[in-house]
Amino acid sequence: MVGVAYDCLANPLGAVRSTFEKAVSSGSDPASFAGRDWGAVDLFRTFLFEDGGLCQVPVLNSSTIRWIQPNSLVRFRGMVQDMLGNELYVGAYKDGSVWRTNKFVDVAQYPIDSCSETRIWERRMLYCVPVPGLNSWAEPPAVVYRSMDSPTQHGEKRQRLDESTDNMDFDVSDEGFQGSSSTKKLKEDGHPSQSQELNIEGTSSSLSMLPEANRDSLPCLVKIYDCPESDMKLNEIFEFVGVFTFDPEFKVENNDEEFANGFSEDVLVQLPPNKVPRLHCLTHRKLTVLDFPSSSPTMEVKSNLVKEIRNALLRHLTAVLGNDGVAAQFLLLHLLSRVYSRVGTVAVGKLSLNLNCFNKESVPVFGPRLLLAIKNLLPFTQCISLTVDYLNTASLAPKKDYETNRLITGALQLAESSHLIFDETQLEAGTLNSVGVENARLLKTLMEMQKVEYDFQYYKLDMEADVQLLVLSEGKSNILPADIVLPFQPSSVDSFEATAEALEAWRWYLATIRSLPHSIEAEIQKVIENDLVEAKQADRSMGTQDFSRLLTMARLLSMSFGETSLSLEHWQMVKELERLRRERLK
């Protein structure tokens, strides 16, 4: 046992056992605890959220894993990359006349006799990874774990862990292991070894081999208790708080014939605890862009404040874009866009942007500036250089590998509110193979419908997405049909540095404003209808997509001022922006 009971940080399992023993001694039947809490989770929620304990809990990542002590309380922020199904485990058992629990642990604290009375419970397993494209400023602040400040009885164990992780390589071979749904048994003598997991059976799909990881992207196997499956979905971002288990000294005893072919039913082999840490979740919460970073300023959405921040951000974007004020206006609307509704196949609210007229002289200058500026403003950003070779070889959509029961991730498996830049300026003439044609189709579908087609081998499944898409190109992109096509016209190369305070305000602004509710009053709707009829009469080529784009621009421009309803002034501003854009297209 580590520490003392009810030390929620250093000894969470002590608190779990103490509350369990208290519940049993009060007359509760251990069988009644299947799928529900006996008071342990309530205890931790009080400690974390009412007593301010959350800020004391260290964050688990590739750096902190070196010093975080096993069986202590940790936080892990990550995206659900794969859902590994459910497993049965020995949740409670009788040790003589005393009932004990194995909830929130991998290894039994006491020997389990083969004749012991047991209770089999169920838990879910999620394979989680750090959010793709997460920028350093959006990471939660480090926490100095107090139990590491002084020597403990586990000093030698800690030293061995540090030495092991110093030399540990989180890269995992692509050679997968085939799973099975057959029963996993405890040792015949009923005494699990130190590394034995209390796993009985994968009741749905067997575990999948983890995707490639490295020191900067530590995966985590999160075990979920007493939570409806509908609460968590693929690609959602969560912060999990729970018991951390990790065994860098674990070695698989390679003495079974089935290991000769690299296949094993054992979860220890498929997701070995010396490669992938476990987190037994006590509580969790879904995260949005408003939660990145954790130290974001708290401000009210007041009109004057919002306008002040908007003007400063617009000046910054104008400087980034070489004093192209029109491009800066459209870029601001693009950065505020999100899918807020779906009507049939139409993703309402998206506003992809294609800045073209880049050339060999302007790309090296403004490309990096734009990328850096967006990385400093948004929490999840990535850039893909689009070439014929990339299209012909890249794995864009996730694919199911049924030999390992693994969902192999793809470049387009992204969290909600991610930003993706496609640099088409290096795209030259060439021939697309079958992979390239399929990848071009996937990108077009993402641009037009905000959906990614997941390949489950026997069928395809469209997964909804909400990704901001920016295209940089010489001419109008033919592969990526954006909502807005705007010729880029820089006139200078000015400095665009910003203070830390300004960046924090702009990040708050972009995250907060895009989530505001918005409506269009009946009076303004009538004005818009009349204007659109006139526009159609003046230009017969205008269609429903053009009208939808103008309405989206109007909504976003109004929101950029902190307004929740469209005014006539802002509608006139949108029409002027559209006029300036069309002038450039002539």
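**Exercise 1. A salt bridge between two strands**

Which residue forms a salt bridge with E464, and how far apart are the closest N and O atoms? Work through the partners, their places in the chain and their exposure.

*Solution.*

Step 1. Start with the ground rules. This is a predicted model, in which local features need pLDDT of at least 70 and side-chain atom pairs count only at pLDDT 80 or more, while totals for chains, interfaces and linings use all residues. Residues are numbered from 1 along each chain as its sequence is written, and side-chain values use heavy atoms, leaving out hydrogens and water.

Step 2. Recall the criterion: a salt bridge is a side-chain nitrogen of Lys or Arg within 4 Å of a carboxyl oxygen of Asp or Glu. The partner of E464 is R342, with the closest N and O atoms 3.4 Å apart.

Step 3. Place the two residues. This pair links distant parts of the chain, with E464 in strand β16 (residues 460–464) and R342 in strand β8 (residues 341–343), 122 residues apart. Helices (H or I, at least four residues) and strands (E, at least two) are DSSP runs, numbered from the N terminus.

Step 4. Check exposure. Buried means under 20% relative accessible area, exposed over 50% and partly exposed in between, with a 1.4 Å probe and protein chains only. E464 counts as exposed at 57%, and R342 as partly exposed at 25%.

Step 5. Look at a network as well. Salt bridges that share partners join D539, D546, R549, E578, R581 and R582.

**Exercise 2. More salt bridges**

How many salt bridges does the count come to? Then describe the pairs made by E236 and D291.

*Solution.*

Step 1. The count is 26 salt bridges.

Step 2. E236 pairs with K286, and their closest N and O atoms are 3.0 Å apart. Since E236 lies in the loop between β5 and β6 and K286 in strand β7 (residues 278–286), the salt bridge ties together parts that are 50 residues apart in sequence.

Step 3. Compare the two ends: E236 is buried at 15% relative accessibility, whereas K286 is partly exposed at 46%.

Step 4. D291 forms a salt bridge with R285, the closest N and O atoms being 3.4 Å apart. R285 is partly exposed, at 31% relative accessibility.

**Exercise 3. The rings around Y89**

Which residues form a cluster through ring pairs? Follow the contacts of Y89.

*Solution.*

Step 1. A pair of aromatic rings is described by the distance of the centres and the angle of the planes. Here, rings of Phe, Tyr and Trp (its six-membered ring) pair if their centres lie within 6.5 Å; planes under 30 degrees apart count as stacked, over 60 as edge-to-face and the rest as tilted.

Step 2. A search of the whole structure gives 13 aromatic pairs. One of them joins Y89 and W121 edge-to-face, at 6.4 Å centre to centre and 85 degrees between the planes. Y89 sits in strand β1 (residues 73–95) and W121 in strand β3 (residues 118–129), 32 residues apart. Both Y89 and W121 are buried.

Step 3. Y89 also pairs edge-to-face with Y225, at 5.9 Å centre to centre and 85 degrees between the planes. Y225 lies in the loop between β5 (220–224) and β6 (237–245), 136 residues from Y89. Relative accessibility is 1% for Y89 and 8% for Y225, which counts as buried.

Step 4. Now assemble the cluster: ring pairs link F20, F33, W38, Y89, F104, W121 and Y225.

Step 5. Add a charge. The charged end of R123 sits over the ring of Y89, 4.0 Å from its centre; this requires NZ of Lys or CZ of Arg within 6 Å of the ring centre and within 35 degrees of the ring normal.

**Exercise 4. Helix α12**

Is helix α12 largely enclosed or largely open, and how many of its residues are buried?

*Solution.*

Step 1. Helix α12 (residues 544–560) has 17 residues and reaches 24 Å from its first C-alpha to its last, close to the 24 Å expected at 1.5 Å a residue. The expected span is 1.5 Å times one less than the number of residues.

Step 2. Of the 17 residues, 13 are buried, so α12 is largely enclosed by the rest of the structure.

Step 3. After α12 comes G562, with a positive phi near 85 degrees.
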